[in-house]
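Work through the following exercises with the sequence and the coordinates open. Each task is followed by a solution in steps.

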Amino acid sequence: MKRIYVNEEWCLGCRLCEYECAYANSGISDMVKALKGKTIHPRIRVEDGDGVHFAVNCRHCTEAICVKSCIAGALSRDGNGTVVIDREKCVGCFTCVTVCPFGAIMPAADGKAAQKCALCTDNVKNGVPNCVTYCPNRAIVFEER
Amino acid sequence: MKKYVIIGNSVAATHAIEGIRSVDGAGKITVVSDEPHAAYGRPLISYYLYGRIARDKMDYRSEAFYERNQVDLKLGRRAEKIDPTAKTVLLDDGETLSYDRLLVATGSRPFLPPMEGLDGVKDRFTFMTLDDALSLERALSPEKDVLIVGAGLIGLKCAEGVFDRVKSVTVVDLADRILPSILDGEGSAFVKEFLEKKGVRFLLGDSVAKFDGGTATLKSGKTVAFDLVVVAVGVRPNVELVKEAGGAVNRGIVTDSGQRTSLPDVYAAGDNCESYDVTAKQSRILAILPNAALQGECAGVNMAGGKRDFLNAAPVNAIGFFDLHVATAGSYEGECYEERTETSYKKLFYKDNMLKGFILIGNIERAGIYTSLIRNMVPLDSVDFDLLKRSPALMAFSREARRDKLARRQ
Ligand SMILES: Cc1cc2nc3c(=O)[nH]c(=O)nc-3n(C[C@H](O)[C@H](O)[C@H](O)COP(=O)(O)OP(=O)(O)OC[C@H]3O[C@@H](n4cnc5c(N)ncnc54)[C@H](O)[C@@H]3O)c2cc1C
């Protein structure tokens, strides 16, 4: 399956991916309305170090420990292998947060459920990841490896 | 065509079905459960009472699961006896099932210590099953006072579940602190204070000497008036079937790393058996859902002729009370790094160049990075531990390790 990969060498740490992610998942079509003056809760996060930056989001692990650990059966792999979360089933216990080795699943804005990257299959972008589309330096790519 | 029989139909059983089917698409799978429901997320029962999940969303798998995996599901039936020589299981209605491979996934049951007068209490409950939760729910109403015996994970999740639906909740425990299985003393105090502010009343270091209708008299002489009582003092593993068949049992059923019991072709997985806890370096029962899932899957794969070992069991708990979140893992031994604020509490325990355990209260963000260090026994001198102490981050790994991780090469 195609997944999102990050080339750390090319990441500028501009955080545009975080904003594009929050926008894509906001359900609001006007970007300004979606983001202005709001604390964003993106599903991709940039880490910054000494001259190093990189973005992290769900790796869609084949042996996904979050899926196996979910107390509700709210996390599953869909037909394409994308690890997805059923918000109606998630109770926000955050066992997934406690087991994800990448720190790539996090509480949603309301704190009552977890959220994670589903490769933009669960929003208006229809499976074209918005972080990839708008990464100015092509540090984030969507490809089969 | 192989015949598989699974006793119990909960977390371990579900993952075993998936494990079997990942290897063997044809074998016949029969599952026997004494509960009348398809598998549901057992921990969800408190969230159901709390209003976080609808009854029709509690099933652990989709409706099509049993049909898709061609499972013959016998609900509301109890396995009474295993005959390991004849390779049969006797059910309570007299039916005998023969197996080539058997999985005992019987979990645990509530421990009910003898308590004087308990039988005379009309509204008394345990809190293990969906039916327990549904009958408890029928007894809830805003004018009622609830007494919970047991300040462990199950008792306190029950307290949260019923809190908004009753007049008061009082929790009694013999131990002098709450959640002793996952928290240290200070962590217990932190969570207790939070729950007390919320309005939960605690009577610790005390126990019920006797029940007299709607009054509990404690050892200390205090009395508590209540309308209904929930007993949640602990659970006992359901080991009897294996024990009576002559299989090895310590505190839980003994298995090897492939979940095989000492009986030929009999496997066990979940809360009824022990695992080797890599953090405590000893075998013990890890009665947590992720462990049941991993053991169940491992058993299933091996039953079907695949090869799997479950080698990195560790305690991992995530639990929340009224949106105060707690994440813990591993063992609390060795040196300790700690941080504390008004709203959060953090302790990391490390020893022998390894992270051994952690307690996070309030801020649990990216806790899984810590858990993976524990599970994989990552040498701390191979990462930037000073950075990790402050916050879990992949930045703390070497560039190569990070690249491999993010590229899914490991
Ligand atoms: C209220 C509550 C909250 C919890 N919260 C959490 C949590 O937040 N996180 C976490 O990790 N864990 C939690 N747990 C623990 C978790 O539910 C268990 O670890 C998990 O369910 C174990 O799965 P299992 O398949 O081993 O057994 P179980 O879920 O115990 O299921 C065993 C099944 O086998 C059946 N059975 C037993 N004997 C027989 C027989 N002879 N014949 C037929 N059927 C039989 C039982 O009735 C039962 O249905 C919680 C448990 C409870 C009760």
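Helices and strands here are DSSP runs, numbered from the N terminus, with at least four residues for a helice of type H or I and at least two for a strand of type E. The model is predicted.

**Exercise 1. Locate the ligand and describe its shell.**

Task: State where the ligand lies, and determine which elements of chain B each supply at least two residues of the shell around the ligand.

Solution.
- Step 1. The position of the ligand is between chains A and B.
- Step 2. A residue belongs near the ligand if one of its heavy atoms lies within 4 Å of it. There are 33 residues around the ligand, and those that come nearest are B:S10, B:D34, B:E35, B:R42 and B:L289.
- Step 3. In chain B, at least two shell residues each come from α1 (11-23), β2 (28-33) and α8 (289-303). The most is given by α8(B), with 3 residues.
- Step 4. By domain, at least three shell residues are drawn from domain 1 (3-109 + 236-303) of chain B, and at least three from domain 2 (118-233) of that chain.
- Step 5. Sorted by residue class, the shell holds 19 nonpolar, 8 polar and 6 charged residues.

**Exercise 2. List polar contacts of the ligand.**

Task: Which distances separate oxygen atoms of the ligand from the side chains of B:S10 and B:E35, and from the backbone of B:V11?

Solution.
- Step 1. The cut-off for a pair of N or O atoms is 3.5 Å.
- Step 2. For B:S10, an N or O atom of the side chain is 2.7 Å from a ligand oxygen.
- Step 3. For B:V11, the partner is a polar backbone atom, 3.2 Å from an oxygen of the ligand.
- Step 4. For B:E35, a side-chain N or O atom lies 2.5 Å from a ligand oxygen.
- Step 5. Taken on its own, the ligand has 1000 Å² of accessible area, of which the protein covers 93%.

**Exercise 3. Assess the overall form of chain B.**

Task: Does the radius of gyration of chain B agree or disagree with that of a compact globule?

Solution.
- Step 1. A compact globule of 410 residues would have a radius of gyration near 22 Å; chain B has 23 Å, so the two agree.
- Step 2. The C-alpha trace of chain B spans about 60 × 60 × 35 Å along its principal axes.
- Step 3. Of the 410 residues in chain B, 58% are buried.
- Step 4. Chain B contains 11 helices and 25 strands.

**Exercise 4. Classify four loop residues.**

Task: Are B:L140, B:P379, A:R15 and B:R366 buried or partly exposed?

Solution.
- Step 1. The limit for buried is under 20% relative accessible area, and exposed means over 50%.
- Step 2. B:L140 sits in the loop between α4 (130-139) and β10 (145-149) of chain B. Its relative accessibility is 12%, so B:L140 is buried. From B:L140 to B:A329, 189 residues apart along the chain, the C-alpha separation is 34 Å.
- Step 3. B:P379 occupies the loop between α9 (367-375) and α10 (385-390) of chain B. At 37%, B:P379 is partly exposed. B:P379 and B:M354 are 25 residues apart in sequence, and their C-alpha atoms are 5.4 Å apart.
- Step 4. A:R15 is in the loop between β1 (2-6) and α1 (16-24) of chain A. With 28%, A:R15 is partly exposed. Its phi is near 70°, a positive value in a non-glycine residue.
- Step 5. B:R366 is in the loop between β25 (354-361) and α9 of chain B. At 13%, B:R366 is buried. The phi of B:R366 is also positive, near 55°.

How values were computed. Residues numbered from 1 in each chain as written. Chains lettered and ligands numbered in written order. Predicted model: local features only at pLDDT ≥ 70, side-chain atom pairs only at ≥ 80, totals over all residues. Heavy atoms only, no water. Polar contact = N/O pair within 3.5 Å; in protein donor to acceptor, adjacent residues only side chain to side chain. Areas by Shrake-Rupley, 256 points an atom, 1.4 Å probe, with all protein chains shown as cover. Nonpolar A, V, L, I, M, F, W, Y, C, P; charged D, E, K, R; others polar. Domains from an automatic or database assignment. Rg over C-alpha atoms; globule rule 2.2 N^0.38 Å. Buried < 20%, exposed > 50% of the residue type's maximum accessible area, 1.4 Å probe, protein only.
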